[in-house]
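Grab a pencil and work through these exercises with the structure open beside you. Each task comes with a solution that goes step by step.

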Amino acid sequence: MNFVLDALRYIFDPASWAAGATSPLPLGDRLVEHLEYTAISAGAAALIALPLGFYIGHTGRWRQTVIGVTGAMRALPALGVLFFITMVAGYQLPFLVAATVGSLIALTLLAIPSILAGAYSGLESVDRQTIDAARANGMTEMQILFRVEIPLALPLIIGGLRAAVLQVIATATIASFAGLGGLGRVITSGIALNDFTVILAGALLVTALALVVDGLFAIVQKLTATRFEAGARSGADASVAAVGPE
Amino acid sequence: MIEFRSVTKKFPDGTVAVDDFSLTMPSHETTVLVGSSGCGKTTILRMINRMVEPTSGQILIDDVDVSGQDKVGLRRSIGYVLQAAGLLPHRRVVDNVATVPMLNGTPKKDAREAALGLLDKVGLDRSLGARYPRQLSGGQQQRVGVARALASDPNILLMDEPFGAVDPIVRADLQAELTRLQKELGKTIVFVTHDIDEAFALADQVVIFRKGGRIAQQGTPAEILANPADEFVETFIGADRGRRRLRVRDSTEDGGPAGGPQVLVDGDGRVAGVLDERGPTR
């Protein structure tokens with residue numbers, strides 16, 4: 001167990017976090033980079049996949065095509081895509097920029113299928129009768145989408161985002177092999193230096209980050225799911241006064 | 001007044017749900033469309049608020065063709081009650097009832113207050129307003145569905161087998177409630193059901209359907225019971241089985257004293273009730 005303790009000691013050593021420490025330190029910078037990459041690529045993927053998923057889920061059009069394409073995209077090996085796109089970008093851009101841009105594009109592509117699947121399957125899971133009733137009551141298609149379908153599909157939509165973000169966190173780690181920063185850099189440095197303590201420290205940090213982010217998503221997902229189910233019961237009585245005539 | 005003029009509906013798969021259908025549904029009256037499943041009655045109902053578009057023919061509300069009207073506006077001006085109530089599960093009961101007024105721009109506070117008033121009207125306790133639909137019984141959900149349909153005070157109320165999913169006791173309750181409400185409100189109600197007893201209980205005008213949206217007979221419940229048009233109608237209303245043919249059996253036949261209450265029996269000799277010669281008690 002000594003090597004684990006060594007790794008923890010390395011992580012909690014203030015020197016590892018001090019500004020100006022030599023690469024791959026300081027750890028704080030790597031952590032922030034990792035979060036930035038995750039936010040950028042998951043955000044970009046959401047911008048593409050959510051509207052598309054809502055369109056498919058609401059209209060039912062293109063469904064088969066998209067299921068096929070996203071299924072194929074899911075089967076792509078992350079590392080292969082990463083190197084391929086980084087190399088393609090390398091022909092057009094300076095090396096350092098190419099690594100970042102290429103990796104971010106690859107991470108975005110990898111995050112799309114989960115988000116897309118969450119969005120359209122979430123909308124499809126909404127009871128047809130509820131939608132029919134909303135339409136018969138005179139909601140416009142946009143009102144049905146934003147006031148009925150998306151709120152009711154929220155747990156599954158967030159589930160898709162959760163899977164995508166975790167995949168990006170994991171894949172961003174191996175992106176350091178293609179020249180990206182982030183916590184993966186700690187691991188690659190450890191490998192280059194043949195220093196197991198550093199390798200393990202990097203791995204532990206990535207794991208901790210993934211668990212924390214996953215936990216946050218789990219909480220949000222739980223909150224959205226229970227809003228109108230079990231959790232509503234306790235809130236119901238308390239809010240009678242709030243809805244009653246003042 | 002709702003008027004169907006030779007309306008035909010053919011679905012893309014080739015089934016003709018409604019074929020050359022013409023009917024007038026008078027204002028402030030309850031018209032009940034009754035028939036077995038697949039006879040096109042729901043399709044006819046849904047063409048009134050353009051949830052289904054006719055293939056040919058015209059539907060007019062107070063002499064205005066609905067096909068020229070904005071779908072969304074039309075639907076907001078017509079109350080609609082569905083079988084499973086179709087409430088929005090993520091919104092509290094008050095907000096469900098207030099749906100249409102809020103879509104029409106009524107401020108939230110006013111719409112909610114009006115919604116609580118409507119809960120009174122349909123016989124629900126105001127405290128249920130803060131609950132979610134899931135926390136209500138089937139019968140209560142249906143009442144909320146009726147309250148929602150009434151929220152924008154529409155002239156027309158469309159009801160698609162609204163009491164089909166509740167047990168017989170609750171159903172009788174809801175029917176009585178609707179009769180009471182209708183006395184008070186005088187809406188133009190179009191009600192779809194497959195239950196002939198429900199039809200007779202609620203209707204001013206009953207329309208009995210065969211397959212393909214063809215009318216087998218239309219008239220008041222009394223007219224239909226007195227003169228079933230053909231064998232199909234007889235079977236449908238149960239006249240062929242003697243269920244509707246009641247006769248008085250003298251109380252002495254049952255060993256009671258002469259001049260006691262007279263028992264009514266149906267064509268098969270089953271007891272249906274007693275004859276009350278004092279007339280309606282009310």
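**Exercise 1.** Work out why Asp153(B) counts as partly exposed in this predicted model.

*Solution.* Start with the count: Asp153(B) has 13 C-beta neighbours inside 10 Å. Next, bring in the cut-offs: a residue is buried at 20 or more such neighbours and exposed at 12 or fewer. Since 13 falls in between, Asp153(B) comes out as partly exposed. As for where to look, Asp153(B) is placed in the loop between α6 (138-150) and β7 of chain B. To round off, pick Ser22(B): 131 residues separate Asp153(B) from Ser22(B) along the chain, and their C-alpha atoms are 27 Å apart.

**Exercise 2.** Trace the open sheet of 6 strands in chain B and find what packs on it.

*Solution.* Write down the strand order, which is β6-β7-β8-β3-β9-β10 (chain B), with mixed pairing. Now go to the edges: β6 (78-81) and β10 (214-219) of chain B each pair on one side only. Neighbouring strands are turned by 15 degrees against each other on average, ignoring direction.

Then zoom in on one pair. Strand β9 (residues 205-210) of chain B runs antiparallel to β10(B), and 5 bridges join the two. Within this part of the sheet, Val207(B) stands opposite Gln218(B) in β10(B).

Finally, add the helix. Helix α1 (residues 41-48) of chain B packs on the sheet and touches β3 (30-34), β6, β7 (156-160), β8 (188-193) and β9 of chain B. The direction of α1 makes about 150 degrees with that of β8(B).

**Exercise 3.** Set the UniProt annotations of chain A against its secondary structure.

*Solution.* First, take stock of the fold: chain A has 12 helices and 0 strands. Its C-alpha trace spans about 65 × 45 × 30 Å along the principal axes.

Second, check the record. An unreviewed UniProt entry annotates residues 31-217 of chain A as "domain: ABC transmembrane type-1". That stretch is 87% helix and 0% strand, with end C-alpha atoms 19 Å apart.

Third, look at the "transmembrane region" features, which the unreviewed UniProt entry puts at residues 37-57, 69-89, 95-120, 152-178 and 198-220 of chain A. Residues 37-57 of chain A are 100% helix, and their end C-alpha atoms are 29 Å apart. Residues 198-220 of chain A are also 100% helix, with 33 Å between the end C-alpha atoms.

**Exercise 4.** Which residues touch the most other members of the largest nonpolar core?

*Solution.* The core holds 129 residues, and the two to pick out are Ile115(A) and Val97(B). Follow Ile115(A) outward, leaving aside residues up to four places away in sequence: its contacts include Ala45(A), Ala46(A), Ala49(A), Leu50(A) and Gly53(A). Gly160(A), Leu161(A) and Ala164(A) are also touched by Ile115(A). For the wider setting, buried residues make up 40% of the 246 residues in chain A. Of the contacts in chain A with a separation of 6 or more, 71% are between residues 24 or more positions apart.

**Exercise 5.** Describe the side of chain A that touches chain B.

*Solution.* Count both sides: 24 residues of chain A are in contact with 27 residues of chain B. Then assign elements: α7 (128-136), α8 (141-174), α11 (230-238) and α12 (240-243) of chain A each give two or more residues. The most come from α7(A), with 7 residues. By type, the side of chain A that touches chain B has 13 nonpolar, 6 polar and 5 charged residues.

Terms used: Residues numbered from 1 in each chain as written. Chains lettered and ligands numbered in written order. Predicted model: local features only at pLDDT ≥ 70, side-chain atom pairs only at ≥ 80, totals over all residues. UniProt positions renumbered as here; feature names shortened; annotations may be inferred. Helix = DSSP H or I, 4+ residues; strand = E, 2+ residues; numbered from the N terminus. Core = buried A, V, L, I, M, F, W, Y, C linked by C-beta atoms within 7 Å. Contact = placed C-beta atoms within 7 Å. Nonpolar A, V, L, I, M, F, W, Y, C, P; charged D, E, K, R; others polar. Pairing = 2+ DSSP bridges. Axes fitted to C-alpha atoms, helices over the stretch in contact; angles between N-to-C directions.
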